[in-house]
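Biologist: Please take me through this model one point at a time, beginning with a loop and then moving to the sheet, the pocket and the salt bridges.

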Amino acid sequence: TAQHELQLPGSFKAPLAAAYTLTFSEFESSFESDDPIFGSVTQGDEVPYVPRHQLHLEAGLEHSRAGGSLAFNYVAATREVAGSEPLNDSLATDPQAWLDAAAFIHLTPGIKLYTNVRNLTNAHFIVGHRPYGARPNAPRWVQVGLKADL
């Protein structure tokens, strides 16, 4: 992870953030399971639902009165059953990439109005097939609220 805040002219600042995760997962022993996610596991098989790559990049612009940010998120396709063979589209999640946005404004000292938009472009992905068939990711959603510092 990395974070930095640029100081800009006119009391503006630009917070920047990045996070990357690289994960290697594997079973250390062989076993048989009644759970269809595992089934017949061989030592060295990858663990289901553990993505190899995840990435988050975020940039914002803020002033003492208001601000906003935009974030890019990525999660690699991941297997849905234990195994070591190449990913099979019917037994793997989709690779996912989406944007999130956030903004705020200070209405008065101690009172802030904010909004968050998750999945800004309303992108659609399959995030699982078990237990009852293909399941999509969450659609675009908008959250609006007030925060008070008391």
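Biologist: In which loop is N122 found?

Modeller: Strands are DSSP runs of E of at least two residues and helices are runs of H or I of at least four, numbered from the N terminus. By that numbering, N122 is found in the loop between β8 and β9 (126-128).

Biologist: What kind of model is this?

Modeller: Residues are numbered from 1 along each chain as its sequence is written, and side-chain values use heavy atoms, with hydrogens and water left out. Local features need pLDDT of at least 70, side-chain atom pairs count only at pLDDT 80 or more, and totals for chains, interfaces and linings use all residues, this being a predicted model.

Biologist: Is N122 buried, partly exposed or exposed?

Modeller: Buried means under 20% relative accessible area and exposed over 50%, with partly exposed in between (1.4 Å probe, protein chains only). The relative accessible area of N122 is 24%, so N122 is partly exposed.

Biologist: What is the phi of N122 near?

Modeller: Most residues other than glycine have a negative phi. N122 is a residue other than glycine with a positive value, near 55 degrees.

Biologist: Which residue in the loop between β4 (40-41) and β5 has a positive phi?

Modeller: The phi in question is near 60 degrees, in a residue other than glycine. The residue is partly exposed at 30% relative accessible area. It lies in the loop between β4 and β5, and is Y49.

Biologist: What is the strand order in the open sheet of seven strands?

Modeller: Two strands count as paired if DSSP finds at least two bridges between them. The pairing in this open sheet is antiparallel, and the order is β1-β2-β5-β6-β7-β8-β11.

Biologist: Which strands stand at the edges, and what does the twist average from one strand to the next?

Modeller: β1 and β11 (141-148) stand at the edges; each has a single partner strand, so one side of each is left without a neighbour in the sheet. Axes are lines fitted to C-alpha atoms, for helices over the stretch in contact, and angles run from 0 to 180 degrees between N-to-C directions. From one strand to the next, the twist averages 15 degrees.

Biologist: In the hairpin of β1 and β2, which residue takes a positive phi?

Modeller: β1 (residues 2-8) and β2 (residues 12-22) run antiparallel and are joined by seven bridges. H4 has L16 of β2 as its bridge partner. Three residues lie between the strands of this hairpin, and the positive phi, near 75 degrees, belongs to G10.

Biologist: How many bridges pair β6 with β7?

Modeller: Within this pair, G68 stands opposite A103 in β7. Residues 66-75 form β6 and residues 96-108 form β7; their antiparallel pairing runs over 10 bridges.

Biologist: Which residue is the bridge partner of K112 in β11?

Modeller: β8 pairs with β7 over seven bridges, F104 having Y114 of β8 as its partner. β8 is also joined to β11 by eight bridges, again antiparallel. There, K112 has as its partner K147.

Biologist: What is the volume of the largest pocket?

Modeller: On a 1 Å grid over the protein atoms alone, a pocket is an open set of points with protein on both sides within 12 Å along at least five of seven lines, and lining residues have an atom within 4 Å of a point. Grid points are joined across faces, edges and corners, and a volume is the space filled by probe spheres set on the points. For the largest pocket this gives about 240 Å³.

Biologist: Which residues are closest to the centre of the largest pocket?

Modeller: β1, β2, β5 (53-62), β6, β7 and β8 (111-118) each supply at least two residues of the lining. Of the 20 lining residues, those closest to the centre are E58, E62, S69, A102 and F104.

Biologist: Which residue meets K13 in a salt bridge?

Modeller: A salt bridge is a side-chain nitrogen of Lys or Arg within 4 Å of a carboxyl oxygen of Asp or Glu. The N to O distance for K13 is 3.9 Å, and its partner is E62.

Biologist: Which residue forms a salt bridge with D100?

Modeller: D100 is buried, at 14% relative accessible area, while its partner is partly exposed at 35%. The closest N and O atoms are 3.6 Å apart, and the partner is R118.

Biologist: Which residues are linked in a network of salt bridges?

Modeller: E85 and R79 form a salt bridge, with closest N and O atoms 3.6 Å apart. R79 is buried at 5% relative accessible area, and E85 is partly exposed at 43%. The network links E46, R52, R79 and E85.

Key
1 Å grid on protein atoms, 1.4 Å probe; cavity = no way out; pocket = protein on both sides within 12 Å on 5 of 7 lines; lining within 4 Å.
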